[in-house]
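Subject: Structure handover

Hello,

Here is the structure we talked about, with the sequence alongside. My notes on the helices and the empty spaces follow below.

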Amino acid sequence: MSNILHSQKPIDADQLLDVESQQRFYDELVSFLCVEVAHQCPGVERHQVTAFITGKLSSADAYYEGTYEGGHELETASDLDPSPPDIYDLDISLARGEKPLILRDIHFPAADERLGFDYTKLLKLFPSLHFFNCHFYCHSFPLGYTSTKVRFESCTFPLAWQVEEGSGPGKGQVLFTECCFLKGVTIEGNELEQSPVDEAAAFFKDCTIHEAVTLRKMATDIPVFANSLDHKPEIDKILVEYCEFESRFTLANAEGIREVTLTSTVFKNKFAFIHCPIGKLSIKNVNFEGLADFYESSFESFLIRKSIFRDFAGFEDCRFGAVAENKGRIQLRYVTFYSFINFRSAHFLLPVDLRNTNRSESPNFLDCTFSADARKGTDRESFRIIKHSFEAVGNRIEANHFYALEMEAYRRELRAGANQYGRHWRLWERLLVSLNFTLSRHGQSYWQPLLGVLACAAFIAVQQANWLAGWVAWPDSTLWLIEPLATALNGWASGVIIFRPLYAAFPGQEAFILLMAVLLSTCTWHFLVAARRHQRR
């Protein structure tokens with residue numbers, strides 16, 4: 001057998017084999033098919049297969065005159081032994097055969113139909129083909145819409161591959177099994193936007209796909225992936241546009257996906273990316289009719305926009321912002337959740353934006369963590385949503401924690417507003433929020449107000465000792481200003497009648513006592529609030 005069937009062909013699809021090489025490949029493929037059919041079909045002689053091929057091509061007016069097999073002119077069908085199984089019987093036998101014709105280790109070049117050496121016409125004659133460990137140096141395999149069932153196993157596609165319209169591999173069979181696509185693969189719907197493949201158990205099983213797998217403009221009930229449990233898929237990109245999937249769309253344990261883009265698509269069954277590290281996830285105008293699960297996946301960039309989740313949406317133990325240096329955001333814009341949302345044990349390394357989400361149930365953020373960058377960049381409304389999710393289930397401790405993050409985000413908003421509109425913009429509000437942070441970190445620290453109480457007590461003790469001993473006194477040159485001012489302040493403080501019993505013990509110090517009383521009561525109140533917030537319900 002000539003080596004032209006099993007040798008590497010030009011990788012550039014535009015670089016066709018010369019005429020002589022194409023004819024040699026065609027002729028050798030005819031001989032190879034004759035041998036393989038005779039070998040794989042018991043009771044069939046080689047010359048009968050030759051008659052079958054010649055007769056089928058002649059009946060279709062597609063076989064050119066002067067085809068040679070090994071340098072000798074093929075005999076016509078009438079010159080061959082017409083004894084059973086004849087051409088008709090062999091056709092019926094192949095059609096009823098349970099096993100496909102297996103073609104091994106063949107390197108298929110790009111075919112040039114203009115030269116009359118289109119080997120795909122030979123392959124159309126057989127009802128079922130199984131390509132094993134073959135190489136295809138072309139962009140597609142145009143068998144046309146025939147009844148020929150085709151499947152590929154352990155094959156290599158050096159060029160960008162386009163799945164052509166056909167009957168598919170048949171019931172219970174996968175179209176591509178353990179194949180390697182070096183330049184990506186595209187499956188696009190036909191003119192009616194239906195799947196180009198009629199029947200298959202799945203499109204891909206345990207395949208390696210470099211660059212992108214593109215699914216475009218089709219409605220199908222065929223699963224895209226049906227990988228083994230222990231297989232770790234290698235896929236660079238997944239691009240889905242204008243599709244509708246009736247069956248499950250699941251992928252697990254991927255080695256690393258640089259990009260997943262889903263656009264204007266409907267998933268009517270379960271959708272899942274389980275334990276998949278994804279560089280960029282972009283979901284726009286997508287409806288998830290069934291469960292959507294991203295368990296233990298990680299995302300460097302995450303965007304969901306104008307999409308609907310009608311069933312459970314799970315992001316448990318996900319990692320948002322796998323690269324801490326990334327300055328992006330986790331964005332959910334105009335997203336509607338009709339069922340439960342689970343962010344349990346999620347890790348946020350980037351700021352999250354939940355402001356433009358619609359939720360019918362409170363999400364679950366139990367045990368989620370935020371990095372310092374995520375805390376600084378997340379807006380107040382997003383923290384408020386998370387806070388209310390804990391309040392809805394009575395988890396006051398976590399609710400108080402996110403209340404503090406909410407107030408700190410509010411403080412940042414006030415500072416940003418002051419920088420934009422001037423330092424007098426909402427001045428008192430900024431002062432109160434800043435004081436709340438300084439005294440108790442928005443109710444999260446009871447040590448800070450306790451230290452404030454102790455500091456006030458120490459300051460009062462020192463002041464009273466100095467009042468009696470006179471260690472430090474105002475200079476005589478300032479008494480003309482200090483004495484009238486002190487008298488006015490003490491008179492104003494005396495108007496607070498609830499402190500008059502206290503004033504009686506400290507005559508001439510009414511203003512100082514009022515100030516210290518306010519500071520002590522403020523620190524005491526912050527201490528009590530912080531202590532109460534650390535209690536468990």
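The expected span of a helix is taken as 1.5 Å times one less than its number of residues. Please keep in mind that this is a predicted model.

Helices

Helix α7 covers residues 396-421, which makes 26 residues, and the rule gives an expected span of 38 Å. The C-alpha atoms at its two ends are 36 Å apart, so the two values agree. Right after α7 comes G422, and the phi of G422 is positive, near 110 degrees.

Helix α6 (residues 380-391) pairs with α7: their axes come within 8 Å and cross at roughly 165 degrees. Angles over 145 degrees count as roughly antiparallel, and α6 is therefore roughly antiparallel to α7. The crossing of α6 past α7 is left-handed.

A second pair is helix α8 (residues 427-440) with α12, whose axes come within 10 Å and cross at roughly 70 degrees. The range for roughly perpendicular is 65 to 115 degrees, so α8 and α12 are roughly perpendicular to each other. Here the crossing is right-handed.

Largest pocket

α12 also takes part in the largest pocket. Along with α9 (447-469) and α10 (479-494), α12 (510-533) supplies at least two residues of the lining. The volume of this pocket is about 740 Å³. Its lining consists of 19 residues, and those nearest the centre are Q463, N466, W467, W474 and I482. Sorted by class, 13 of the lining residues are nonpolar and six are polar, with no charged residues.

Cavities

The count of cavities of 30 Å³ or more comes to four. The second largest cavity has a volume of about 50 Å³. Which residues line the second largest cavity? They are L332, F337, I341, F343, L354, T357, R359, P363 and F365. By class, this lining has seven nonpolar residues, one polar and one charged.

If you open the model, α7 with G422 after it is one place to start, and the lining residues Q463, N466, W467, W474 and I482 around the centre of the largest pocket are another.

Regards

Terms used
Residues numbered from 1 in each chain as written. Predicted model: local features only at pLDDT ≥ 70, side-chain atom pairs only at ≥ 80, totals over all residues. Heavy atoms only, no water. 1 Å grid on protein atoms, 1.4 Å probe; cavity = no way out; pocket = protein on both sides within 12 Å on 5 of 7 lines; lining within 4 Å. Points joined across faces, edges and corners; volume = space filled by probe spheres on them. Helix = DSSP H or I, 4+ residues; strand = E, 2+ residues; numbered from the N terminus. Nonpolar A, V, L, I, M, F, W, Y, C, P; charged D, E, K, R; others polar. Axes fitted to C-alpha atoms, helices over the stretch in contact; angles between N-to-C directions. Parallel < 35°, antiparallel > 145°, perpendicular 65-115°, else oblique. Left-handed = near helix turned anticlockwise from the far one by under 90°.
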